[in-house]
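Please open the model in your viewer and keep the selection panel at hand. The tour below proposes what to select at each stop and describes what is found there.

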There are 4 protein chains.
Amino acid sequence: MSAGSPASTPKGERRRQALVEAAARLLVEGGFDAVRHRAVAERAGLPLASTTYYFRDLDDLVAAAAEHHGRGELARGWAQLAELTAGRRDVDGVVEIVLDQLLGPATERDAEAVVLRYERLVATGRRPHLRPLMSELSADLHELLLETLARCGIPADHERVNRLVALVDGSVVNALIEVHPDPRGAARRMLHSALAEGL
Amino acid sequence: MSAGSPASTPKGERRRQALVEAAARLLVEGGFDAVRHRAVAERAGLPLASTTYYFRDLDDLVAAAAEHHGRGELARGWAQLAELTAGRRDVDGVVEIVLDQLLGPATERDAEAVVLRYERLVATGRRPHLRPLMSELSADLHELLLETLARCGIPADHERVNRLVALVDGSVVNALIEVHPDPRGAARRMLHSALAEGL
Amino acid sequence: MSAGSPASTPKGERRRQALVEAAARLLVEGGFDAVRHRAVAERAGLPLASTTYYFRDLDDLVAAAAEHHGRGELARGWAQLAELTAGRRDVDGVVEIVLDQLLGPATERDAEAVVLRYERLVATGRRPHLRPLMSELSADLHELLLETLARCGIPADHERVNRLVALVDGSVVNALIEVHPDPRGAARRMLHSALAEGL
Amino acid sequence: MSAGSPASTPKGERRRQALVEAAARLLVEGGFDAVRHRAVAERAGLPLASTTYYFRDLDDLVAAAAEHHGRGELARGWAQLAELTAGRRDVDGVVEIVLDQLLGPATERDAEAVVLRYERLVATGRRPHLRPLMSELSADLHELLLETLARCGIPADHERVNRLVALVDGSVVNALIEVHPDPRGAARRMLHSALAEGL
DNA sequence: GATGAATGAGACTTCATTCAT
DNA sequence: GATGAATGAAGTCTCATTCAT
């Protein structure tokens, strides 16, 4: 999916990967603007020129980083699902599971940890080249949630998942503007009240 | 609310305003990254140094632009409300009105026109200094929707408005990643299905 | 001596003085480079344009500040002399008095407090317009030391004062480069060893 | 000792050196304030960006220039010493040699040529990062004078050298404020009178 | 007399990208 | 294949000074 160019040697692939990981970490920490050639190279402990050697330009590297981060999140989600024993759960349990799938595991610095998911979504609005990637990731996330709800004994279809996702994402983006943002809390409250009314 | 400093004369106020408007236009067209001293000055047809004369630094100018844009949207919303004849409406009518309030009037290039609202929300996640402003705007928007729903004969409380907003915003951010994004359409479908089930 | 231009009114004179004092304080705190129109005006609580209204240009203001500071030091020196009871003193006493006259009263942050005297001397090397002023101040300082030594019962002539001054100033400028500078201490040691050998 | 970073190739080293020399020349001509990125680049006939490519920031470049100048002076001093035939000399001869070591060879525009030594010393008072460098240069100069005096058949220890240096430096900084400065002359007179009295 | 407004010049620095080796 | 070297373009911001009022 990523553009890629040279280096099909194992070593080349390893270095490419190191750059992607470095870029992904920067993405999480500082957003899209923080992904610069220099910063990535330093993080990865590789020469500056390697960033343009392995990636056509910065957009290419940013895209690869976004993809890496997105796939990592999904992998975590599927792994979490695999460990989930089947069976009915109360609302509280389901809500927490869904929040974990959508926002990642709860952190102390939640607001900051969560923001990248939304930066990615919104940034795609101005970067058409990210759309195919993001669409793919999104479809997979959808699938993951569908399975997760099923495992929890909650009947779910595409529409219901869409609504759940919208409720969470909508709550979060609106929570980010609070002076002391608590996006996870906001999403949790929203989900509860929605589920209480039968979604 | 905006920081600003000099220019109490009418002319000064006019120039300041010209800069804000130029910055706001750039914000709409290119997002936060597009608001640069040079670009703003050129847009406004004013000397480069005027940007730092009227605004302490770029953050200050960006904030003023965001505020300008946000207040403009709200003003439009209230004006629209004022022209709204009271009385019950069918779901279709209400949905269109709510979409207009939240996303602005329908445009051809809808995806692009709509994206700034979400950039603003998300950007605030990394720019704490925008939070007070955004919170204020958000509260006003909330009020506007409350009134709008009342005018449409739909019983609404804070919670219901929150849910509506979340549904729209969540739909939109998830629609932005489609290869051919139709955020307004996505939000419309979501609202319909939600209202059909009694919200 | 200072250039001066407008404002012979009492109020004008007062504001001019306020600017000079503000500039002098900045001079002490940050050296010549710290004396900027903006900084001076802010310190003095006066409008920016007043700095160019009362002083032809920045050099003029800097010169006035240097003069103010220099004359203040000298006034302090003469006052100190006036309070000095006549009579022979031991070397220690004389040394401390001379150090006070040349370097100002001992401070905790001595290195920083002392540096301006030498910046002024050296800066004059590149600013011929400061020379008449500095020469006058220097002559007065010379006179002060002559009187001081006499009061202490130490026979002194111009040559001896010159040598004393040179020893102190030479010690100080060479002490400023230490990692933990102690210019007063260095000057003290130098004076002691010189006086021990009969100057 | 200088910070620097890239350029290990001969060519790189040469360009780096060109920048340092350009900066050093500017330092001599106009003092610390004259060392600006633009000015250095133009002097060296190199692109502006090369100044930040070879030097982390301006402070780094200024320090390198100060070091270059200082080491050059010292090298000249040691070379001069090497050419010095051993043996007793009269006071006049010794004085001239010491002045050469401390102030550089006599020039027509003496006052200007000499001022940088003192700017460097005094500037260090406000720029702690220069202290280690200046201390090292100072120690070497001390050594040079010790050897020089020995070569001239004059018994000298650290204390005596310190006193000599202080006398010269003190004379010079006080001479810089004369309307027609003659720092070398002043130092010469001071040394004579001091040596006449057995130091 | 006094000052708010205004700006051209220039300061330092970062960065994406190219290219020779 | 890999990378150190290099740089043009642009970024943010400060400042001394002028001028109209």
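**The interface of chains A and B**

Select chain B and chain A: between them, 19 residue pairs are in polar contact, both residues of each pair being at pLDDT 80 or more (a polar contact is a pair of N or O atoms within 3.5 Å; within protein, one must be able to donate a hydrogen and the other to accept it, and residues adjacent in sequence count only if both atoms are side-chain atoms). Next, colour the side of chain B that touches chain A by element: α1, α6 (110-124), α7 (131-151), α8 (158-175) and α9 (183-196) of chain B each give two or more residues to it (helices are DSSP runs of H or I, at least four residues, and strands runs of E, at least two, numbered from the N terminus). The greatest share comes from α8(B), with 11 residues.

This is a predicted model, in which local features need pLDDT of at least 70, side-chain atom pairs count only at pLDDT 80 or more, and totals for chains, interfaces and linings use all residues. Residues are numbered from 1 along each chain as its sequence is written, chains are lettered from A and ligands numbered from 1 in the order in which they are written, and side-chain values use heavy atoms, with hydrogens and water left out.

Now display Arg163(A) and Glu197(B), whose side chains form a salt bridge (2.9 Å, N to O); here the term denotes a side-chain nitrogen of Lys or Arg within 4 Å of a carboxyl oxygen of Asp or Glu. Across this interface of chain B and chain A, the rule finds 4 salt bridges. The contact (heavy atoms within 4.5 Å) takes 39 residues from chain B and 40 residues from chain A.

**DNA strand E**

Proceed to DNA strand E and select the 30 residues around it, a residue being near if one of its heavy atoms lies within 4 Å. Those that come nearest are Arg36(A), Tyr54(B), Tyr53(C), Arg38(D) and Leu58(D). Of the strand's atoms within 4 Å of the protein, sugar and phosphate account for 69%.

Which atoms of Tyr53(C) and Arg15(C) should be displayed here? In Tyr53(C), a polar side-chain atom lies 3.1 Å from a phosphate oxygen of DNA strand E. In Arg15(C), a side-chain N or O atom is 2.7 Å from a phosphate oxygen of the strand. For His37(A), display the backbone: one of its N or O atoms lies 3.1 Å from a phosphate oxygen of DNA strand E.
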